[in-house]
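Student: I'm new to this one, and the whole thing is a bit much at once. Could you pick a single part, take a close look at it and tell me how it ties in with the rest?

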Amino acid sequence: MNRDSITIQTKNGQFMVFSMKEIVQKPTFETRPTLFQKTKPWFMACNLGFQFGANDQGMWQGVGAEVKVLHRFRPDKQRFLYGKTGIEAVNGYQPALLFPLMIGFQGSVLKTTKHQIHLHTGVGYGFADTEEQEFEWQGPISVTGSPRFETGFSWMILTGKESALSIGLQFYYQEATFTRGNWQENITIENQYKRTFINIGIIF
């Protein structure tokens with residue numbers, strides 16, 4: 001081999017000369033795809049999980065499901081804006097159903113070829129509802145939700161160029177006010193729902 005050409009001797013003794021312009025170098029290893037390799041701007045995520053936290057009913061606080069729409073606003077970075085909704089059945093002094101509407105920011109803090117760690121935080125509003133009362137004399141309950149806050153992280157495990165398995169741990173906080181009216185008086189109950197949501201899902 002010299003600066004201008006490469007000479008190769010074959011097994012039968014013949015010599016073959018190639019100019020450097022004819023040579024194409026290729027890596028001997030296969031390049032593994034990275035998470036969300038293409039420039040697709042929109043993704044969906046679906047998560048299911050369990051909620052835990054300290055209240056007068058114990059550590060168990062219910063189950064939840066959520067659907068998230070992510071927009072990658074930096075094609076060269078793992079930076080996302082997201083909107084989210086879902087449903088949560090939450091335990092407590094007054095059990096409730098919570099329906100969040102959230103917006104937030106999500107971004108990667110650790111990346112390898114097969115894994116990423118994402119941090120995210122969001123704000124929004126959590127609508128609330130509750131079950132019917134067991135006895136008519138208790139009267140109907142009117143329910144009011146409140147602003148809602150969340151933060152947490154997700155471990156993304158690559159399953160394709162534009163999909164991943166997600167294992168997450170999030171902290172949620174919101175309040176709800178329950179007012180029961182009967183023939184004697186109105187009773188108002190204010191509940192704080194502080195809980196940790198441990199979940200698993202997919203992003204695609």
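**A close look at strand β4**

Tutor: Let's start with one residue: V63 lies in strand β4. Keep in mind that this is a predicted model. V63 has a relative accessible area of 37%, which falls between the 20% and 50% limits, so V63 counts as partly exposed.

To place the strand, step back for a moment. The protein chain has zero helices and 11 strands, so reading along the sequence you meet one β after another. The chain has 204 residues, and 34% of them count as buried. Among contacts between residues at least 6 apart in sequence, 56% join residues at least 24 apart.

Back to V63 and its surroundings. V63 belongs to a nonpolar surface patch of about 1000 Å², along with F50, F52, M59, W60, V109, L110, L119, F153, L169 and I198. Three strands, β3, β4 and β6 (96-111), each supply at least two residues of that patch. Your strand, β4, gives the most, with three residues. For scale, the accessible surface of the whole protein chain comes to about 12800 Å², and 61% of that belongs to carbon and sulfur atoms.

Some patch members also meet through their rings. Rings pair up here if their centres lie within 6.5 Å, and by that rule there are six aromatic pairs. One of them is F50 with W60: the ring centres are 5.8 Å apart and the planes sit at 45°, so this pair is tilted. F50 comes from strand β3 (residues 42-55) and W60 from strand β4 (residues 58-72), so the pair links parts of the chain 10 residues apart. Both partners still show some surface: F50 is partly exposed at 47% relative accessibility, and W60 is partly exposed too, at 42%. Add F52, and ring pairs link F50, F52 and W60 into a cluster.

Now for a charged residue of β4. The structure holds four salt bridges, and one of them is between K84 and E66, whose closest N and O atoms are 3.2 Å apart. E66 is in strand β4 while K84 is in strand β5 (residues 79-90), 18 residues away along the chain. Unlike the partly exposed V63, both K84 and E66 are buried.

K84 has a second partner. E150 forms a salt bridge with K84, with the closest N and O atoms 2.8 Å apart. This pair reaches from β5 to strand β9 (residues 146-160), and its two residues are 66 apart. E150 has just 3% relative accessibility, so E150 counts as buried; for K84 the relative accessible area is 5%.

Strand β5 also takes part in a salt bridge between R195 and E88 (2.6 Å, N to O). R195 sits in strand β11 (residues 186-203), and the pair spans 107 residues. Both R195 and E88 are buried. As for the bridges that share partners, they join E66, K84 and E150 into one network.

So what should you take away about β4? This strand gives three residues to the nonpolar patch, places W60 in a ring pair with F50 of β3, and holds E66, which is linked to K84 of β5.

Notes:
Residues numbered from 1 in each chain as written. Predicted model: local features only at pLDDT ≥ 70, side-chain atom pairs only at ≥ 80, totals over all residues. Heavy atoms only, no water. Phe/Tyr/Trp six-rings, centres within 6.5 Å; stacked < 30°, edge-to-face > 60°. Helix = DSSP H or I, 4+ residues; strand = E, 2+ residues; numbered from the N terminus. Buried < 20%, exposed > 50% of the residue type's maximum accessible area, 1.4 Å probe, protein only. Contact = heavy atoms within 4.5 Å. Areas by Shrake-Rupley, 256 points an atom, 1.4 Å probe, with all protein chains shown as cover. Patch = residues over 30% accessible without salt bridge, like charges linked within 9 Å, V, L, I, M, F, W, Y side chains within 5 Å. Salt bridge = Lys/Arg side-chain N within 4 Å of Asp/Glu carboxyl O.
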